[in-house]
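The report below follows charged and aromatic side chains through a single model, with attention to where each contact sits and how much of it is covered.

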Amino acid sequence: MYFHLPGLFEFYELYRLFLPLWREHRDWFYDWCDIGSIYGAPMDCLWGGGRVGFGQADPADVFDLMNEYGLSARLTFSNSLLKEEHLSDKKCNALCRIFSAAKKRSGVIIYSDLLAEYLKEKYPDFYLVSSTTRVLTDFDDFEAELNRKDFEYVVPDFRLNKAFERLTSLSQKQKDKVEFLCNECCDFDCKNRRQCYENVSRKNLGQEVPEHKCASSAASGGYRFSLAMKNPAFIGIEDIQKIYLPMGFSNFKIEGRGLGSAIVLEFLLYYMTKPEHQLQVREAIYLDSMLDLF
């Protein structure tokens with residue numbers, strides 16, 4: 001099975017340290033999982049969505065790192081408000097030209113059907129991923145998305161994670177396209193998730209908009225992995241091994257863009273690293289003075 005990891009541009013320095021450990025000490029990590037992709041978008045990215053990007057890594061350096069380790073890069077271009085005039089954006093097209101030449105096929109996470117058609121015409125080497133920002137909370141809508149030929153993967157809203165009766169009924173072809181969001185911390189009963197994503201889309205378009213005010217009582221404390229683990233939709237490693245893998249699912253997305261390197265490292269330790277080797281991985285990362293973990 002495959003984990004899809006956050007922060008392609010934000011956490012370049014973290015992955016620059018983590019990936020050699022992954023390669024050289026493979027016995028430190030679970031043998032039942034692998035890295036499917038690393039996703040994200042750099043700062044000031046007009047097509048970006050989901051989160052406001054803060055990644056400042058040089059795209060050429062990121063490209064080289066992904067090529068060195070044979071990993072798929074995914075550009076998170078999930079802005080929900082794109083119009084025809086936005087498709088000519090120089091920065092986003094330059095990123096597409098860079099990553100469409102990767103050794104391992106790159107992908108694009110999208111919301112906009114307009115952008116999907118543009119990418120299929122201009123950069124046909126990309127595979128497309130339907131973004132969780134589409135907020136597909138109705139299972140019929142989600143299944144219809146799975147049946148679209150445009151997408152190789154579909155990330156459902158996290159509130160469908162435990163809809164086991166319907167999930168079981170999917171065909172294996174459909175199951176192979178499902179990519180579950182494991183560690184969402186958003187309130188399970190949130191009614192404003194679509195508006196939150198739209199706010200981010202407006203910011204990435206350069207519009208002056210007020211901050212979206214999350215109604216959750218836990219919002220003021222920021223993201224806490226301990227709280228995410230209590231979310232009814234949380235998918236832990238035992239869930240993956242004992243429920244999802246036997247059901248035929250194999251793709252799992254880890255949230256983390258916009259968080260610090262330290263918390264993303266905790267995700268890598270929890271989901272991918274054997275408990276008896278977590279300290280060794282943590283020490284190897286923490287003792288590198290070049291990485292700002294916070």
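## Charge and aromatic contacts

In this predicted model, a patch of negative charge on the surface is made up of Asp58, Asp61, Asp64 and Glu68. Asp61 belongs to helix H2, which covers residues 59–68, and its relative accessible area of 36% makes Asp61 partly exposed. That value also satisfies the requirement for patch members, because these need over 30% relative accessible area and no salt bridge.

Paired charges come next. A search of the whole structure gives 15 salt bridges, and three of them are set out in the table with the N to O distance and the relative accessible area of each partner.

| Salt bridge | N to O distance | Relative accessible area, acid | Relative accessible area, Arg |
|---|---|---|---|
| Glu13 and Arg16 | 2.7 Å | Glu13, 31% | Arg16, 30% |
| Arg74 and Glu179 | 2.8 Å | Glu179, 1% | Arg74, 0% |
| Asp157 and Arg159 | 2.7 Å | Asp157, 0% | Arg159, 17% |

Glu13 and Arg16 lie three residues apart in helix H1 (residues 12–24), which corresponds to about one turn of the helix. Glu13 is partly exposed, and Arg16 is likewise partly exposed. The salt bridge between the side chains of Arg74 and Glu179 has another setting: Arg74 is in strand S3 (residues 73–77) and Glu179 is in the loop between helix H7 (172–175) and strand S7 (180–181), so the pair ties together parts that are 105 residues apart in sequence. Arg74 is buried, and Glu179 is buried as well. In the salt bridge of Asp157 with Arg159, Asp157 counts as buried at 0% relative accessibility, and Arg159 also counts as buried because its 17% falls under the 20% limit. Beyond these pairs, a network of salt bridges links Asp113, Glu117, Lys120, Arg134, Glu145, Arg148 and Asp150.

The aromatic side chains provide a further set of contacts, with 26 aromatic pairs in the structure. In one of these, the ring centres of Phe225 and Tyr270 are 5.6 Å apart and the ring planes stand at 85 degrees, so the pair is edge-to-face. Phe225 comes from helix H9 (residues 225–228) and Tyr270 from helix H11 (residues 261–272), so this pair ties together parts that are 45 residues apart in sequence. Phe225 counts as buried at 11% relative accessibility, whereas Tyr270, with a relative accessible area of 23%, is partly exposed.

Which geometry describes the rings of Phe234 and Tyr271? Their centres are 6.5 Å apart and their planes are at 45 degrees, so the pair is tilted. This pair, too, links distant parts of the chain, 37 residues apart, with Phe234 in the loop between H9 and helix H10 (237–247) and Tyr271 in helix H11. Phe234 counts as buried at 8% relative accessibility, and Tyr271 is buried with a relative accessible area of 0%.

The residues of both pairs appear in one aromatic cluster, which is formed by Phe3, Tyr30, Trp32, Phe225, Phe234, Phe267, Tyr270 and Tyr271.

Notes:
Residues numbered from 1 in each chain as written. Predicted model: local features only at pLDDT ≥ 70, side-chain atom pairs only at ≥ 80, totals over all residues. Heavy atoms only, no water. Patch = residues over 30% accessible without salt bridge, like charges linked within 9 Å, V, L, I, M, F, W, Y side chains within 5 Å. Areas by Shrake-Rupley, 256 points an atom, 1.4 Å probe, with all protein chains shown as cover. Salt bridge = Lys/Arg side-chain N within 4 Å of Asp/Glu carboxyl O. Lys, Arg positive; Asp, Glu negative; His and termini not counted. Charge placed at Lys NZ, Arg CZ, Asp CG, Glu CD. Helix = DSSP H or I, 4+ residues; strand = E, 2+ residues; numbered from the N terminus. Buried < 20%, exposed > 50% of the residue type's maximum accessible area, 1.4 Å probe, protein only. Phe/Tyr/Trp six-rings, centres within 6.5 Å; stacked < 30°, edge-to-face > 60°.
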